[in-house]
Amino acid sequence: TKSRMVPEHEVIPRVLDRLRERYGPDLKLPVVAAFAPGRVNLIGEHTDYNEGFVFPMCLEYGTFVVGVQTADSKCKVYSEAMQAEVSFELDEVKTVAAK
């Protein structure tokens, strides 16, 4: 069967086009863009860093994140898959101290 995975060099322009469609054509270039491939553990969970056995397998799915700096402290997060947006003020985000 043919893979549904779209190469990164094709996905990035699509993501940028969708970003501009949603938030306006005059956006600055993204300050961050990242991709995380999908993965599942067929055996074992949270054991690979505890010296246990795992059997990870990649998936044809992944997550792309693109961020653009704005003039205010509001952060908007939009999900294409969920067709939903949430927003929050960065000033209200609490930091968690490392242990």
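**Exercise 1.** Work out how much of the protein counts as buried, and how its elements are ordered.

*Solution.* Start with burial. The protein has 99 residues, and 8% of them count as buried. Here, buried means under 20% relative accessible area. Keep in mind that this is a predicted model. Next, list the elements: there are one helix and four strands. Then read along the sequence. The pattern is α-β-β-β-β.

**Exercise 2.** Decide whether Tyr 61 is buried or exposed, and place Tyr 61 in its element and its patch.

*Solution.* First, find the element. Tyr 61 sits in strand 2. Second, take its relative accessibility, which is 51%. Third, apply the cut-off: exposed means over 50%. Tyr 61 therefore counts as exposed. Fourth, look for the patch. Tyr 61 belongs to a nonpolar surface patch with Val 40, Leu 42, Ile 43, Phe 53, Phe 55, Met 57 and Leu 59. Together these residues have about 810 Å² of accessible area. Last, ask which element gives the most to this patch. Strand 2 does, with three residues.

**Exercise 3.** Describe the largest pocket by its volume, its lining and the classes of its residues.

*Solution.* Begin with the space. Rolling a probe the size of a water molecule over the atoms shows where empty space is left. The largest pocket holds about 1300 Å³. Its lining has 34 residues, and Val 15, Phe 64, Val 65, Val 66 and Tyr 78 are the closest to the centre. Now name the elements. Helix 1 (8–23), strand 2 (56–67) and strand 3 (74–79) each give two or more residues to this lining. Finish with the classes: 18 nonpolar, six polar and 10 charged residues.

Technical notes
Residues are numbered from 1 along each chain as its sequence is written. This is a predicted model: local features need pLDDT of at least 70, side-chain atom pairs count only at pLDDT 80 or more; totals for chains, interfaces and linings use all residues. Side-chain values use heavy atoms; hydrogens and water are left out. On a 1 Å grid over the protein atoms alone, a cavity is a set of points where a 1.4 Å probe fits but cannot get out, and a pocket is an open set with protein on both sides within 12 Å along at least five of seven lines; lining residues have an atom within 4 Å of a point. Grid points are joined across faces, edges and corners, and a volume is the space filled by probe spheres set on the points. Ala, Val, Leu, Ile, Met, Phe, Trp, Tyr, Cys and Pro count as nonpolar, Asp, Glu, Lys and Arg as charged, and the others, Gly among them, as polar. Patches are made of residues with over 30% relative accessible area and no salt bridge: like charges are joined within 9 Å, nonpolar side chains (Val, Leu, Ile, Met, Phe, Trp, Tyr) within 5 Å. Accessible areas come from the Shrake-Rupley method with a 1.4 Å probe; for residues, only the protein chains shown count as cover. A salt bridge is a side-chain nitrogen of Lys or Arg within 4 Å of a carboxyl oxygen of Asp or Glu. Buried means under 20% relative accessible area, exposed over 50%, partly exposed in between (1.4 Å probe, protein chains only).
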